[in-house]
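Please open the model in your viewer and keep the selection panel at hand. We will begin with the whole chain and then move to a single place in it.

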Amino acid sequence: MDFDEIIDRHGTHSMKWDRMEALYGVPAADGLAMWVADMDFRPPACVTEAVRRMADHGIYGYFGDDTAYLEAIRWWLAERHGWQVAPEWILTTHGLVNGTGMCVDTWTAPGDGVVLFTPVYHAFAKVIRAAGREVVECEMPIEDGRYVLDIAAWDAQMTGRERMVILCSPHNPGGRVWSREELRAVADFAARHDLILVSDEIHQDLVFPGAPRHVPMPVAAPEALDRMVVMNATTKTFNIAGAHLGNVIVPDERLRADLAQRMLGLGISPNSFGLHMATAAYSPEGAAWVDALMAYVDGNRKVFDATVAEIPGLASMPLEATYLAWVDFSGTGMSREDFTARVEQGARIAANHGPTFGTGGESWLRFNLAMPRARVEEAAARLADAFSDLQ
């Protein structure tokens, strides 16, 4: 668990590092990649060992008995999140962006509305629009520095054309861990408007020490299981996104049959490397690694936020979960183009642009803090220098 080790990812087909200069103009030579939401840490040794065993065996055929894989998922969700899941509820997709696309494809039709509480993970809107559906943006207000739900306003916004709502829980990019009461309010909203409720819980394990505990949507609102789909994965938790593996968990038999049939029609099946990696990750060794990870990233968060707080006009949203800092630049009075240029050309940092997360993200940038402490300290120093004239 050496999270301080600097691992050079240049030239390794890393989207985060090898595409940074082309997409952001941040030089590869000394730029800091803080955009794509993967980590610059190696996964736990149990995951690496699982891949090594496959390599030593040397035959990479079709995956057969998935009993151990499903049991690992069930153990993890019960042990870490207090949710008892039946093995037959679990469907496996090529990651959760694919899972989102499968849900949209299965339960909505072209022209239907899909509700998002914005700003929110940018891939949702991309998938929805690419499928010919309408993105219905319900902007979240900010109270006491963090996002809250405005269900009454959103009730009035519905037209009857909406067929689905997608919730990000915990929230990306704002880092909120939704309370049990808030989750029930979302479930009630879905019921009132007859919406399929998709709860993307990929960040469920990435909760900071001392923060409220993540509550799975089915635990918070069991009465809504007949319209509920929950998505989670090992990929974000253990930094194995390249495995392209996601759990789409559907308790309702009718809904599950719909999704399974659509997946069958598209030939969706998981790769064996991902299944072996996930089975190894969802284990006591994997749990110990996650606990150490979040303690370390909590230290990164404190270092980064302390510097941001000293720069007039900048404000970090207090994070309860994820490793993604969400920073508001509106207080600088600068245009989006000006403050973004200072970050990219001045500080030589590639960060996600806020508008890609939808309405409400216009004055924000998202910074990935899942990297060795020395790099976070360097990023903080560069930001302070880039905005030094404000201090």
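A residue is called buried when its relative accessible area is under 20%, exposed when that area is over 50%, and partly exposed in between, using a 1.4 Å probe and protein chains only. With everything selected, 56% of the 391 residues of the protein count as buried. Bear in mind that this is a predicted model, in which local features need pLDDT of at least 70 and side-chain atom pairs count only at pLDDT 80 or more, while totals for chains, interfaces and linings use all residues. Residues are numbered from 1 along each chain as its sequence is written, and side-chain values use heavy atoms, with hydrogens and water left out.

Next, show the C-alpha trace alone, and turn it until you can follow its principal axes, along which it spans about 60 × 60 × 40 Å. Now switch to a cartoon view, where the protein has 15 helices and 14 strands (DSSP runs numbered from the N terminus, with helices being H or I of at least four residues and strands being E of at least two).

Then select alanine 211, which you will find in the loop between strand 8 (196–200) and helix 9 (217–220). Is alanine 211 buried or partly exposed? Alanine 211 is partly exposed, because its relative accessible area is 24%.

Finally, add aspartate 291 to the selection and draw a line from C-alpha to C-alpha: alanine 211 and aspartate 291 are 13 Å apart in space, although 80 residues apart in sequence.
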